[in-house]
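Trainee: I would like to go through the labels on this chain and ask what stands behind each one. Can we take them in turn?

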Amino acid sequence: MAPTPPMGSSSRFPVAAGDRLSSLPNDILHTIMSFLPVQQAVQTCVLSWRWRHLWCSMPCLNIDQQEFNSAASGASEGSQFEEFVNSLLMFHSATRLDVFRFRFTHNYEFKVVERWIRRGMKCFPAVMEICRSSSGRFYMLPPLGSSAYRLKRLHLIAISLDKSFTQQLRFGFVLEDLKLDRCHLHSPEIKSNALKNMIITDCTTDSGCVLTITTPALVSFYLAITVVGSNWDGVLVNEMPALVNAKVCLKQASQYTSISPKGPCKLLCSLTNVRNLELSGLKALSILHGKSDAFPTFPNLRTLLFNECDLSDDFQMLGFFLNNTHSLEKLTLQYCKLPEGSKKRKRMQNPKRISLKCQDTLTFRCPNLKLTEIKYKEDDVHQLFGLLSGIWRNLRKTTIMLTKA
């Protein structure tokens, strides 16, 4: 007996005469269906006999509760979505999935969500994305086991990860792309020899721990966490020899919280091979390389961006960077805190963007620097004059471009 379509399927659907679409092979039709929300993909079963079972074997499941078309609201909407997903996963018969995406907004029982994720995982997806899109309880990711042997990309939002996840990441995954957003990590260590791209944003842990990252094959790295005030006491990043792009944002819980981490904060000395580096949200750049006296050298660095960083140390930290990045070609200072004490000058009646060349008085050895872009706010104009008049000796070939917010 043919499987019954999940709840929400339309009873009627127009079928065009001379249907050429239905004559296409299954793999092409499955590709077309992969662009549809899962409810619409299921509704194609009423188009014709040819389409009756196609949804059961489509290799992409894109389940999003926000797209679920129901006239009901509140608890009724949640129960209808639950019934739809139960039926969908019961009758779907593909042995392998290219993509399994699951996004839900309501609070369901833990065992219900776990059952849904397990049914998606049993199809050995190559890409899996699980998202709890509203605030509330953390749902635990079930142990992946052998279902992860094809998994290349894993994106998780607001999901709890136990120690078994980090253990399998270390020993069993072929995972290349990992994104963890607002997840809860019971184990603070992320170690993988296969990962090439990693994004970690606003994740937390059980108690004050040091986040330890060991990913020697990583090419792209983005880290944004609250070091003080949100569980993490520090960050240890081990060497990343293949790294090309890196973004690091160390936040603080509030303006009244000290940014100094309780534990070690070792980052810069592990990013020395990076080509493009962005540092943002830092109260003091000095914490990035811990208590080491030797500032690391960045032989491959081409572009460097400071976003809302504290440069009020008379540019000592900026000087360390410029004197140790001899291949640097572009520097961007974006809404950074500049040194106080520069004399107030008459305000320039300048356009929003100005390009100029200037000679300066501080010694920076950065021979390949061609462009420095400074993005500033109105309140910073006096400090900006001090910057332009005093820091660019030996950078005579550098073009400085000012951009007013």
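Mentor: What follows is a set of short questions about this model, each answered from a value and its cut-off.

Trainee: What kind of model is it, and what does the chain contain?

Mentor: It is a predicted model. The chain has seven helices and 22 strands. Of its 405 residues, 48% count as buried. The exposed area is about 19,600 Å², and carbon and sulfur atoms supply 51% of that.

Trainee: How do you know how much of the contact set with a separation of 6 or more is between residues 24 or more positions apart?

Mentor: By share: such residues account for 71% of the contacts in the chain with a separation of 6 or more.

Trainee: What makes strand 1 "mostly covered"?

Mentor: Buried means under 20% relative accessible area. Four of the five residues of strand 1 (residues 60-64) are buried. Strand 1 is joined to strand 2 by five bridges, and the two run parallel. Within that pairing, isoleucine 63 has phenylalanine 102 as its bridge partner.

Trainee: Why is the pair of phenylalanine 104 and tyrosine 139 called edge-to-face?

Mentor: The structure holds 16 aromatic pairs. In this one the ring centres of phenylalanine 104 and tyrosine 139 are 5.3 Å apart, and the planes meet at 75 degrees. Pairing requires centres within 6.5 Å, and edge-to-face requires planes over 60 degrees apart. Both conditions hold, so the pair is edge-to-face.

Trainee: What does that pair tie together?

Mentor: Phenylalanine 104 lies in strand 2 (residues 99-104) and tyrosine 139 in strand 4, so the pair ties together parts that are 35 residues apart in sequence. Both residues are buried. They also belong to a cluster linked by ring pairs, with Phe81, Phe100, Phe102, Tyr108, Phe110 and Trp116.

Trainee: What makes strand 4 an edge strand?

Mentor: Strand 4 sits in an open sheet of four strands, in the order 4-6-8-11, with parallel pairing. Strand 4 (139-140) and strand 11 (204-205) each pair on one side only, and these are the edge strands.

Trainee: How do you know that strand 8 and strand 11 are paired?

Mentor: Pairing needs at least two bridges. Two bridges join strand 8 (residues 184-185) to strand 11, so the cut-off is met. The two strands run parallel. Leucine 185 stands opposite threonine 205 in strand 11.

Trainee: What makes arginine 182 stand out, and where is it?

Mentor: Its phi is positive, about 55 degrees, although arginine 182 is not a glycine. Most residues other than glycine have a negative phi. Arginine 182 is in the loop between strand 7 (177-181) and strand 8. At 37% relative accessibility it falls between 20% and 50%, so it counts as partly exposed.

Trainee: And what of tyrosine 335?

Mentor: Tyrosine 335 also has a positive phi of about 55 degrees, and it is not a glycine. Its loop runs between strand 19 and strand 20 (353-357). A relative accessible area of 27% makes tyrosine 335 partly exposed.

Trainee: What makes strand 9 and strand 16 the edges of their sheet?

Mentor: That open sheet has four strands in the order 9-12-14-16, with parallel pairing. Strand 9 (189-191) and strand 16 (265-266) each pair on one side only. Strand 9 is joined to strand 12 (residues 209-214) by three bridges. There, glutamate 189 has threonine 212 as its bridge partner.

Trainee: Why is strand 22 said to be largely enclosed?

Mentor: Five of the six residues of strand 22 (residues 399-404) are buried, so the rest of the structure largely encloses it. Six bridges join strand 21 (residues 371-376) to strand 22, and they run parallel. Glutamate 373 pairs with methionine 401 there.

Trainee: What makes helix 6 mostly covered, and what covers it?

Mentor: Six of the eight residues of helix 6 (residues 316-323) are buried. Among them are Met317, Leu318 and Phe321. The cover includes strand 17 (276-280), strand 18 (303-307) and strand 19 (330-334).

Trainee: Last one: why does isoleucine 28 count as partly exposed?

Mentor: Its relative accessibility is 38%, between the 20% and 50% limits, so isoleucine 28 counts as partly exposed. Isoleucine 28 lies in helix 1 (residues 26-33). With Leu21 and Ile32, Ile28 makes a nonpolar surface patch of about 220 Å².

How values were computed
Residues numbered from 1 in each chain as written. Predicted model: local features only at pLDDT ≥ 70, side-chain atom pairs only at ≥ 80, totals over all residues. Heavy atoms only, no water. Buried < 20%, exposed > 50% of the residue type's maximum accessible area, 1.4 Å probe, protein only. Contact = heavy atoms within 4.5 Å. Patch = residues over 30% accessible without salt bridge, like charges linked within 9 Å, V, L, I, M, F, W, Y side chains within 5 Å. Areas by Shrake-Rupley, 256 points an atom, 1.4 Å probe, with all protein chains shown as cover. Salt bridge = Lys/Arg side-chain N within 4 Å of Asp/Glu carboxyl O. Phe/Tyr/Trp six-rings, centres within 6.5 Å; stacked < 30°, edge-to-face > 60°.
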